[in-house]
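Here is a briefing on one protein chain. Have the model open while you read.

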Amino acid sequence: MAFRSVFDASFIRTEFEKAGINTHCIPSIWKYVIQNPNCEWREIPSLPLAAYSLLSSKFKPCTSIVDSVLDSADQVTTKLLIKLQNGAFVEAVIMRYDSRLGKYGGKPRPGGPRSTLCISSQVGCKMGCKFCATGTMGFKSNLSAGEIVEQLVHASRLSPIRNIVFMGMGEPLNNYTALVEAIRVMTAYPFQLSPKKITVSTVGIIHAINKLHGDLPNLNLAVSLHAPVQDIRCQIMPAARAFPLEKLMASLAEYQKKSQQKIFIEYIMLDGVNDEEQQAHQLGRLLETFEVVVNLIPFNPIGELSQFKTSRDQKVTRFQTILRSTYNIRTTVRKQMGQDISGACGQLVIDFPSKKSAGVASLTDIEDLHL
């Protein structure tokens with residue numbers, strides 16, 4: 001019989017309720033497991049007697065294990081290869097930042113060193129984005145809520161995690177129920193992460209976006225737009241055919257009206273595809289009525305799989321200048337981390353390249369842009 005993760009919140013609550021066990025002790029079980037990764041259930045103090053036998057028969061402290069850990073040459077990025085109970089693998093990436101870098105409103109930024117964890121929500125991905133290595137794997141399976149939370153548990157033992165970004169393997173909103181449950185666990189005791197420090201990235205699953213604010217208020221939403229017109233989106237993101245740009249933008253307008261929060265727009269820069277001045281103006285007109293932060297992402301080549309080239313720095317700068325100067329849209333350029341361990345944006349696929357220094361220093365990340 002396959003055991004369930006103790007972090008599968010809805011399942012453990014249901015089992016405790018059926019057995020007449022007070023569910024108030026569940027967070028203390030989670031805290032003990034986080035602090036004692038190799039614990040036996042009988043070692044947890046002060047539980048009802050019935051809880052010990054139930055835990056032993058149906059649950060594991062963690063159903064996944066860290067198979068290997070790979071550090072970038074500059075020690076800024078760490079990639080975890082995590083083996084699930086069914087033998088499949090997913091990847092999670094720890095990115096270390098210094099939130100004091102740069103200025104905000106002309107003043108020094110507050111904060112200090114901390115880590116962001118990039119989490120996977122699926123094994124593989126069915127979206128098939130042509131610039132993304134994960135898409136080449138195809139879709140294998142959804143992760144359970146517990147398997148999602150366990151990535152945070154494993155990473156927390158290597159570095160204190162303050163921010164979470166669901167930008168790893170998979171389309172988070174295609175695993176909606178498990179995503180919502182996992183985030184509710186992460187924002188509750190004992191993790192107690194702020195929802196404002198959690199970002200969910202999506203290619204634009206409209207029906208899920210329409211529910212998201214009601215289920216997870218104060219969350220950050222990031223949309224992988226990547227093109228300002230529908231035909232280019234469909235060329236590079238086949239799944240965009242199911243989510244027409246006009247309907248997606250209407251959904252985002254409604255989301256912003258309800259949430260009163262900025263939306264992050266992710267835009268990968270592909271040479272000669274979506275990085276011309278014309279497209280900058282099209283994107284500016286598309287977004288000028290929204291409160292957004294546009295994050296321009298240099299394309300990370302994926303070896304022989306690449307049919308695209310990285311945009312030249314001058315084109316990225318010009319694109320950014322148009323959005324900022326002509327449309328007054330806050331626009332940043334993502335600094336890449338973990339390229340030497342295939343841990344950068346779009347590179348998550350199960351492989352281990354040889355180490356090469358990425359030469360990337362600590363920097364400020366997306367969750368700090370709206371402080």
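Which residues are exposed on the other side of H1? They are Glu17 and Lys18. This is a predicted model. The protein chain holds 10 helices and 16 strands.

**Overall picture**
- Of the 371 residues in the protein chain, 56% are buried.
- The accessible surface of the protein chain is about 15900 Å². Carbon and sulfur atoms own 51% of that surface.
- Take the contacts in the protein chain with a separation of 6 or more. Residues 24 or more positions apart supply 67% of them.

**Helix H1: one side in, one side out**
- H1 spans residues 9-18. Its buried residues are Ala9, Ile12, Glu15 and Phe16.
- These four lie on the same side of H1, because their arc around the axis is only 140°.
- Glu17 and Lys18, on the other side of H1, are exposed.
- The cover over the buried residues of H1 includes three helices: H2 (26-35), H3 (49-58) and H5 (176-186). Strand E2 (59-60) is also part of that cover.
- Gly20 follows H1 and has a positive phi, near 75°.

**Helix H5: mostly covered**
- Nine of the 11 residues in H5 are buried, so the helix is mostly covered under the 20% cut-off for relative accessible area.
- The buried set is Tyr176, Ala178, Leu179, Val180, Glu181, Ala182, Ile183, Val185 and Met186.
- Helices H1, H2, H4 (145-156) and H6 are included in what covers the buried residues of H5. Strands E11 (161-166) and E12 (198-202) are included as well.
- H1 and H5 appear in each other's cover: H5 is listed for H1, and H1 is listed for H5.

**Helix pair H6 and H8**
- H6 covers residues 206-215, and H8 covers residues 245-259.
- Their axes come within 9 Å and cross at roughly 5°.
- H6 is therefore roughly parallel to H8, since angles under 35 degrees count as such.
- From H6, the contact uses Ile206, Ile209, Asn210, Leu212 and His213.
- From H8, it uses Lys247, Leu248, Ser251, Leu252, Tyr255, Lys258 and Ser259.
- By class, the contact of H6 with H8 has six nonpolar, four polar and two charged residues.

**Backbone points to check**
- Most residues other than glycine have a negative phi, and most peptide bonds are trans. The residues below depart from that pattern in phi or in omega.
- Ser46 is not a glycine, yet its phi is positive, about 65°. Ser46 sits in the loop between H2 and H3.
- Is Ser46 buried or exposed? Ser46 is exposed, because its relative accessible area is 74% and the cut-off is over 50%.
- His226 also is not a glycine, and its phi is positive, about 65°. Its loop lies between strand E13 (220-224) and helix H7 (230-236).
- Is His226 buried or exposed? His226 counts as buried, because its relative accessibility is 5% and the cut-off is under 20%.
- The Tyr189 to Pro190 peptide bond is cis, with omega near 10°. Pro190 belongs to the loop between H5 and E12.

Definitions and conventions: Residues numbered from 1 in each chain as written. Predicted model: local features only at pLDDT ≥ 70, side-chain atom pairs only at ≥ 80, totals over all residues. Heavy atoms only, no water. Axes fitted to C-alpha atoms, helices over the stretch in contact; angles between N-to-C directions. Helix = DSSP H or I, 4+ residues; strand = E, 2+ residues; numbered from the N terminus. Parallel < 35°, antiparallel > 145°, perpendicular 65-115°, else oblique. Contact = heavy atoms within 4.5 Å. Nonpolar A, V, L, I, M, F, W, Y, C, P; charged D, E, K, R; others polar. Buried < 20%, exposed > 50% of the residue type's maximum accessible area, 1.4 Å probe, protein only. Arc of directions from axis to C-beta. Areas by Shrake-Rupley, 256 points an atom, 1.4 Å probe, with all protein chains shown as cover.
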